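Please explain how this protein chain is arranged, from its overall pattern down to individual residues. The account should proceed in running paragraphs.

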Amino acid sequence: DFDLAQFFAESIGISLEDYVFLNWYRFDELDRMRARDLAEFFSDVWYPSADDLDVMDRQCRWIISIDHHGGLRVLQLAPGTDDDDVNAGGRSTDGDV
């Protein structure tokens with residue numbers, strides 16, 4: 001089983017007390033919630049075969065994209081980048097929820 005809290009801690013390295021932002025469509029409206037709450041209530045937030053969801057931190061240093069098939073992609077900006085350096089290189093990983 002996929003454990004979002006474990007994924008946050010091991011792959012992204014964020015605190016569960018941090019806020020994350022949820023994008024459902026075109027970044028026109030974002031929802032904000034604690035990472036802990038998203039991990040705990042993930043099955044109530046994301047619905048397979050219906051939702052595409054992007055999860056990101058406030059600085060957009062990483063973005064987790066979960067597609068409606070359960071595919072998971074992570075984009076992380078290179079360590080040491082600041083908020084003004086949006087063209088910095090990053091790394092991407094793929095997986096499944």
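Which pattern does the chain follow when it is read along the sequence? In this predicted model, the order of elements is α-β-β-α-α-β-β-β-β. The chain thus holds three helices and six strands. It has 97 residues, of which 33% count as buried. The accessible surface comes to about 6400 Å², and carbon and sulfur atoms account for 45% of that area. Among contacts between residues at least 6 apart in sequence, 35% join residues at least 24 apart.

The interior may be considered next. In soluble globular proteins, nonpolar side chains tend to be buried together. The largest nonpolar core of this chain has 21 residues, and the members that touch the most others are Phe-8, Val-20, Leu-22, Leu-38, Val-55, Trp-62 and Ile-64. At least two residues of this core come from each of H1, strand E1 (19-23), helix H2 (35-40), helix H3 (42-45), strand E3 (53-56), strand E4 (62-66) and strand E5 (71-77). The element that gives the most is H1, with four residues.

Leu-38 illustrates how parts of the chain meet in this core. Apart from its neighbours within four places in sequence, Leu-38 is in contact with Leu-4, Phe-8, Val-20, Leu-22, Met-33, Val-45 and Val-55. One of these partners, Leu-4, is 34 residues away from Leu-38 in sequence, yet the two C-alpha atoms are 8.1 Å apart in space. Leu-4 belongs to helix H1 (residues 4-12). Is Leu-4 buried or exposed? Its relative accessibility is 5%, and it therefore counts as buried, the cut-off being under 20%. With neighbours within four places in sequence left aside, the contacts of Leu-4 are Leu-38, Ala-39 and Phe-42.

Helix H1 deserves a closer description. Its buried residues are Leu-4, Phe-7, Phe-8 and Ile-12. These residues lie on the same side of H1, because they cover an arc of only 100° around the axis. An α-helix has 3.6 residues a turn, so residues three or four places apart point the same way. The cover over the buried residues of H1 includes H2, H3, E3, E4 and E5. At the start of H1, a side-chain oxygen of Asp-3 comes to within 3.0 Å of the backbone nitrogen of Ala-5. After H1 comes Gly-13, which has a positive phi, near 75°.

Charged side chains supply another link. Side chains of opposite charge can pair when their charged atoms come close. How many salt bridges does the count give? The count comes to one. Arg-36 forms a salt bridge with Glu-17, and the closest N and O atoms of the pair are 2.6 Å apart. The two residues link distant parts of the chain, 19 residues apart: Arg-36 is in helix H2, whereas Glu-17 is in the loop between H1 and E1. Arg-36 counts as partly exposed because its relative accessibility is 38%. Glu-17 is likewise partly exposed, with a relative accessible area of 38%.

Strand E1 includes Asn-23, a residue with a polar side chain contact to the backbone. A polar atom of the Asn-23 side chain lies 2.8 Å from the backbone nitrogen of Phe-27. Asn-23 has a relative accessibility of 2% and therefore counts as buried. Beyond its neighbours within four places in sequence, Asn-23 is in contact with Glu-29, Leu-30, Asp-52, Leu-53, Asp-54 and Met-56.

Finally, the backbone of the loops merits attention. Most residues other than glycine have a negative phi, and most peptide bonds are trans. Ser-49 is a residue other than glycine with a positive phi, near 70°. Its location is the loop between H3 and E3, and Ser-49 counts as exposed because its relative accessibility is 63%. Cys-60, also a residue other than glycine, has a positive phi near 55°. Cys-60 lies in the loop between E3 and E4. At a relative accessibility of 39%, Cys-60 counts as partly exposed.

Methods: Residues numbered from 1 in each chain as written. Predicted model: local features only at pLDDT ≥ 70, side-chain atom pairs only at ≥ 80, totals over all residues. Heavy atoms only, no water. Buried < 20%, exposed > 50% of the residue type's maximum accessible area, 1.4 Å probe, protein only. Contact = heavy atoms within 4.5 Å. Areas by Shrake-Rupley, 256 points an atom, 1.4 Å probe, with all protein chains shown as cover. Core = buried A, V, L, I, M, F, W, Y, C linked by side-chain atoms within 4.5 Å. Salt bridge = Lys/Arg side-chain N within 4 Å of Asp/Glu carboxyl O. Arc of directions from axis to C-beta. Polar contact = N/O pair within 3.5 Å; in protein donor to acceptor, adjacent residues only side chain to side chain.
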